[in-house]
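User: Hi! I have a protein model open on my screen and would like to walk through its helices, core and side-chain pairs with you. Could you help me reason through them?

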Amino acid sequence: MPRIYDWAAREAERTVTVADLRAARHSGKRYTQVTAETADEAAAAEESGIEMLVARASNVEAVRKGSKRLFVTAALGFAEAATQDDILRTALKALTDGADAVITARSMATVSMLAAEDIPVVGHLGLVPRKSTWVGKLRAFGKKADEALELFHRFRRLEEAGAFAVECELIPARVLAEIRGRTGLVTISLGSGPDADVIFLFTEDICGGEGRRPRHARTYGNLQALQERVKQERVKAFTAFRADVNASAFPGPQEISQIDDNEFATFTATLKQEDY
């Protein structure tokens, strides 16, 4: 496992590095990436053999408590980092918290600003949900020839801006396969087919944590059923607690502390004297 120094100058081990990801483009090796916002999610991903994680920048420190080895990309939010100074400050904070790269759907100028500091930057092309108003709805981007060509030019501009990788969301699989052979960017497929260097799905979709599953996702678990059981158990327990309180059944002898009879007698006698 590669040994590196992280951005806080700590010696560390990583399952994969930027150099490994770049080399994989020629070796045919593919990596897997999921989301994580907690230490528990990160620990589960590492135990499962997943190599890469995406976390909100503010949650990187918590995620690192669950996994010291996985490659972590910090997502830079729009509201949390508005100006260029904010963005750079947020990125450097996430990196010193343990991130290995940052992802942004901001402008090419933002990508260039981050890349100028040797920060590994991941761009976001295809469907960018927060910008979906420009295309009218949540849909694949690049299904028409002119749109696919526009997408290719965006790949080119992103690479020229200094990004090392790109999250490719809802791009037609054949379009991404064609573009991949014409770009030096590491490609991360989210609903964009198998011809990519990294295959990415959201943890909620993989684990069945929500009722609605996107068309591009596949569910391998049923956390929603477990969460519903937890909810029902919580309500059942609260209801029983309230009923016991109303029936004067709680607290009982086993839940309260006792005082020795002699000590209590001394205490009450003293109180009576102080009443005067």
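User: Which helix holds both Asp86 and Arg89?

Analyst: Happy to help, and please keep in mind that this is a predicted model. The two residues sit three places apart, about one turn of a helix. Their side chains meet in a salt bridge, at 3.3 Å from N to O. The element that contains both is helix H4, residues 84–96.

User: Is Arg89 buried or exposed?

Analyst: A residue needs over 50% relative accessible area to count as exposed. Its partner Asp86, at 25%, is partly exposed. Arg89 has a relative accessible area of 53%, so the word for Arg89 is exposed.

User: How far apart are the closest N and O atoms of Glu150 and Arg154?

Analyst: These two belong to helix H6, four residues apart, so about one helical turn separates them. Glu150 is partly exposed at 35%, and Arg154 is partly exposed at 24%. They form a salt bridge, and the distance between the closest N and O atoms is 2.5 Å.

User: How many residues apart in sequence are the parts that Glu37 and Arg56 tie together?

Analyst: The side chains of Glu37 and Arg56 meet in a salt bridge of 3.4 Å, N to O. Glu37 lies in the loop between strand E3 (31–35) and helix H2 (39–48), whereas Arg56 lies in strand E4 (residues 52–56). The pair therefore ties together parts whose separation in sequence is 19 residues.

User: What is the distance between the end C-alpha atoms of H6, and why does it agree with the expected span?

Analyst: H6 has 17 residues, and the expected span is 1.5 Å times one less than that number. This gives an expected 24 Å, which agrees with the model because its end C-alpha atoms are also separated by 24 Å.

User: Which residues of H6 are buried?

Analyst: To count as buried, a residue must have under 20% relative accessible area. The buried part of H6 is covered by elements including helix H5 (108–115), strand E7 (121–126) and helix H7 (173–180). The residues you asked for are Glu147, Ala148, Leu151, Phe152, Phe155, Leu158 and Ala161.

User: Which helix gives the largest share of the largest nonpolar core?

Analyst: That core has 43 residues, and those with the most contacts inside it are Leu53, Val102, Leu114, Leu151 and Phe155. The largest share of this core is six residues, and they come from helix H6.

User: How many residues are in the other core that lies apart from it?

Analyst: Among the members of this other core are Ala24, Tyr31, Ala165 and Val198. It lies apart from the largest nonpolar core, and its size is 20 residues.

User: Is the aromatic pair of Phe241 and Phe250 stacked or edge-to-face?

Analyst: A search of the whole structure finds three aromatic pairs. For Phe241 and Phe250, the centres are 5.7 Å apart and the planes make an angle of 70°. Planes over 60 degrees apart meet the cut-off, so this pair is edge-to-face.

User: What is the relative accessibility of Phe250?

Analyst: Its ring partner, Phe241, is partly exposed with a relative accessible area of 48%. Phe250 also counts as partly exposed, and its relative accessibility is 34%.

Notes. Residues are numbered from 1 along each chain as its sequence is written. This is a predicted model: local features need pLDDT of at least 70, side-chain atom pairs count only at pLDDT 80 or more; totals for chains, interfaces and linings use all residues. Side-chain values use heavy atoms; hydrogens and water are left out. Rings of Phe, Tyr and Trp (its six-membered ring) pair if their centres lie within 6.5 Å; planes under 30 degrees apart count as stacked, over 60 as edge-to-face and the rest as tilted. Buried means under 20% relative accessible area, exposed over 50%, partly exposed in between (1.4 Å probe, protein chains only). A nonpolar core is a set of buried Ala, Val, Leu, Ile, Met, Phe, Trp, Tyr and Cys residues joined through side-chain atoms within 4.5 Å. Contact means heavy atoms within 4.5 Å. A salt bridge is a side-chain nitrogen of Lys or Arg within 4 Å of a carboxyl oxygen of Asp or Glu.
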